[in-house]
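Visitor: I'd like a walk through this one, please. Could you put it on the screen?

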2 protein chains.
Amino acid sequence: MTPGASPTLRDVAQEAGVSPAIASRVLNADPSVRAREDTRERVRIAAQRLGYVPHSLARSLRGARTGAIGLVMHGLDSPINVDVLRGAQARCAESGYVTLLAEAEELTQNDSQLHAFLARGRLDGVILHSGYGHEDLLLEAVSRSVPAVLVNADHGGAVSTVRVDDAAAAALAVQHLLDLGHREITFIAGPAGSETSDRRQSGYCRALETAGLVETADVMHAEWSAAAGRAAAEDLLDRPRLPTAVVVANAVTAAGVLSGFRDAAVTVPGELSVVGVHDSWFLEHLAVALTTVRLPLQALGAAAARVLIDEIDARVAKGASRQGGKAGAGINGARAPHDEFISEPPPQLILRSSTGVPRE
Amino acid sequence: MTPGASPTLRDVAQEAGVSPAIASRVLNADPSVRAREDTRERVRIAAQRLGYVPHSLARSLRGARTGAIGLVMHGLDSPINVDVLRGAQARCAESGYVTLLAEAEELTQNDSQLHAFLARGRLDGVILHSGYGHEDLLLEAVSRSVPAVLVNADHGGAVSTVRVDDAAAAALAVQHLLDLGHREITFIAGPAGSETSDRRQSGYCRALETAGLVETADVMHAEWSAAAGRAAAEDLLDRPRLPTAVVVANAVTAAGVLSGFRDAAVTVPGELSVVGVHDSWFLEHLAVALTTVRLPLQALGAAAARVLIDEIDARVAKGASRQGGKAGAGINGARAPHDEFISEPPPQLILRSSTGVPRE
DNA sequence: CGTTTTTGGAAAATCGATTGTTCACCAATT
DNA sequence: AATTGGTGAACAATCGATTTTCCAAAAACG
């Protein structure tokens with residue numbers, strides 16, 4: 001071994017006076033290895049002394065897995081989405097996987113980035129965080145090369161998905177307002193085409209229906225951004241007749257809504273009550289501390305990671321039983337896609353200062 | 001080639017009727033290859049038809065680089081830090097590198113995660129985003145195995161660093177308040193031990209000094225969190241004598257400070273003016289829209305990536321000239337560490353509603 | 001004592017791509 | 001006619017670890 005170069009398995013084997021084969025199996029605790037205890041000991045000591053670190057690439061090249069999971073995220077300017085990322089990242093790390101991060105926007109706009117990311121042999125699987133529903137091509141490309149799990153979207157059942165209970169969250173927000181006595185509640189949804197938004201909207205409608213107020217339903221649309229929220233607030237205030245409360249499908253949008261009301265000198269909750277969906281540290285520091293429904297976003301990310309890792313394990317096990325069938329064999333035919341709702345902890349109302357009884 | 005398995009270089013070569021060697025050289029446009037044009041064409045066509053994608057692991061194993069950069073981040077619950085991450089990630093992707101994400105806290109607390117992350121042959125380099133100054137061990141471990149760049153910290157010159165001009169930013173904040181007529185300005189710094197905080201504090205002091213007000217300097221410390229900001233605000237209000245303005249070293253802390261003032265019914269900017277450092281979308285939606293000094297955080301992340309990639313390139317070039325010297329040879333002896341200030345764009349005052357003339 | 005069985009471990013193939021060396025062939029020069 | 005030269009492409013080693021196959025020596029058995 002040239003001094004300065006990091007030691008290889010061969011170096012360890014030589015040091016211990018055994019063949020690389022034995023060294024490998026001893027260090028990996030291969031149960032089928034037959035070696036005297038003192039031989040094992042020598043190998044372990046040698047590895048220790050040389051500071052041997054396995055070469056991950058070489059190992060992956062031979063073996064069936066790379067130990068890496070791709071996270072394709074969307075909208076990282078919002079802490080909400082970052083929470084999903086952090087949950088997924090932490091769970092992957094916990095299971096011994098490293099995570100490769102990419103932004104969906106970049107990947108869809110730049111083919112060479114997509115190819116670098118999906119290069120053969122780089123990833124064991126991908127978690128795809130869906131935003132506006134424009135990720136069909138991405139999903140297509142991804143799921144053709146590795147197992148994938150879709151977060152917060154439903155894609156015709158071809159791929160596994162995980163979601164939170166968006167409908168219940170919205171319904172909870174509405175229920176809170178109903179309890180306070182509100183009867184005219186406007187829903188500011190996300191952009192058309194977002195499944196997350198659609199589910200929250202249906203929760204809103206369901207809650208009104210249950211209360212026998214379905215004919216008062218009133219839905220506006222806004223992009224998932226504070227600026228769009230502000231604009232929506234302005235639009236709302238332009239109306240001849242105002243509701244007494246607003247449910248906003250997203251906390252970031254809600255931030256903009258509150259600022260819009262502040263700019264127009266509309267007091268919250270005096271003249272209008274506002275409830276958002278999601279929870280984050282910044283909500284209590286907004287123009288008015290925002291009452292929201294907390295959804296377990298980190299748990300969502302973690303669940304996505306868990307589901308994906310299960311699929312990877314299943315595939316590897318299957319591949320092994322077929323005597324090392326090549327990676328790529330039977331992709332996505334491996335298992336029936338798994339759909340999961342994250343219902344623990346359930347959506348929870350976080351009471352702050354933006355809701356109160358309706359104005360006279 | 002078994003159907004269903006992804007094609008290898010060999011398959012392409014066979015399809016084109018040449019040896020893998022030629023196929024490799026043609027596809028990589030090796031200038032030293034000598035092959036007839038029609039041979040080249042055949043190879044390219046074959047690759048196309050089979051949908052050949054190079055196996056990144058195999059390539060990296062043979063070659064000198066892996067095409068992957070590690071991002072060790074800190075405090076991803078703050079959008080401020082996420083901006084650095086996004087800048088770095090985008091720049092890496094642009095240069096054809098994929099990025100591996102890890103959280104510093106996890107890595108320091110969990111040895112096996114650290115080892116998985118730094119496994120030999122996985123990374124070409126690491127960007128280390130420094131927080132509280134507790135990352136010495138991490139830096140040590142990282143820089144022993146690959147080139148590293150430190151963001152927002154200075155580490156005795158052993159490793160390259162990039163920073164923004166924190167002192168100038170703080171000075172600009174102070175100057176703005178001086179211009180409004182303030183003479184008693186308190187500085188709410190970050191935690192003791194944070195170099196970023198120290199630099200901002202020195203900018204604050206320098207500005208007061210220039211104005212001949214150095215004896216009015218008043219510094220409090222708070223962790224980088226909204227909760228700590230709120231607590232600091234309460235502490236401040238407990239004093240018998242209040243300043244007329246506050247500069248907060250961090251935008252997230254500032255959010256808490258504003259909420260603290262709101263809770264105590266202290267009007268901003270009527271009774272107290274507040275200026276923060278950093279810019280982010282949420283600042284205009286706080287209890288009072290916060291005036292801040294914008295620092296180019298995405299540019300900071302991007303610069304870190306640029307510096308690191310330069311170092312990687314230099315090392316690879318050097319390794320190549322020494323006929324493929326092993327990775328690991330002369331780590332960190334390769335180049336003198338590079339220190340860089342990101343001064344473009346310069347710190348810029350973003351005027352919102354939290355500053356005004358001093359109270360009577 | 002000869003033969004079978006077990007034990008302990010080495011040798012070699014493999015993963016997929018890259019790259020230095022070698023080789024065959026045809027034309028041009030001595 | 002023999003040597004050189006240049007072209008086009010194949011051969012084979014290599015990166016580092018894993019895993020199957022296989023072989024020698026020791027032990028057990030009749």
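Guide: Here are some questions and answers about the protein interface and the DNA.

Guide: This is a predicted model, where local features need pLDDT of at least 70, side-chain atom pairs count only at pLDDT 80 or more, and totals for chains, interfaces and linings use all residues. Residues are numbered from 1 along each chain as its sequence is written, chains are lettered from A and ligands numbered from 1 in the order in which they are written, and side-chain values use heavy atoms, with hydrogens and water left out.

Visitor: What area is buried between chain A and chain B?

Guide: Contact here means heavy atoms within 4.5 Å, and 60 residues of chain A are in contact with 61 residues of chain B. Buried area is the accessible area (1.4 Å probe) that two parts lose on being put together, summed over both. Carbon and sulfur atoms give 55% of that area, and the total is about 5,000 Å².

Visitor: Which residue of chain A forms a salt bridge with B:Glu284?

Guide: A salt bridge is a side-chain nitrogen of Lys or Arg within 4 Å of a carboxyl oxygen of Asp or Glu. The rule finds four across the interface of chain A and chain B. In the one with B:Glu284, the closest N and O atoms are 2.5 Å apart, and the partner is A:Arg230.

Visitor: Which residue is the bridge partner of A:Leu100 in β2(B)?

Guide: Helices (H or I, at least four residues) and strands (E, at least two) are DSSP runs, numbered from the N terminus, and two strands pair if DSSP finds at least two bridges between them. β2(A) and β2 of chain B, residues 98-103, pair in the antiparallel sense over three bridges. For A:Leu100, the partner in β2(B) is B:Leu100.

Visitor: Turning to the DNA, which residues come nearest to DNA strand D?

Guide: A residue counts as near if one of its heavy atoms lies within 4 Å of the strand. Of the strand D atoms within 4 Å of the protein, 58% belong to sugar or phosphate and the rest to bases. There are 26 residues around DNA strand D, and the nearest are A:Leu9, A:Arg59, A:Arg62, B:Thr39 and B:Arg120.

Visitor: How far is a base oxygen of DNA strand D from an N or O atom in the side chain of A:Arg62?

Guide: For comparison, an N or O atom in the side chain of B:Thr39 is 2.6 Å from a phosphate oxygen of strand D. A polar backbone atom of A:Ala58 is 3.3 Å from a base nitrogen. For the side chain of A:Arg62 and the base oxygen, the distance is 2.2 Å.

How values were computed
Polar contact = N/O pair within 3.5 Å; in protein donor to acceptor, adjacent residues only side chain to side chain.
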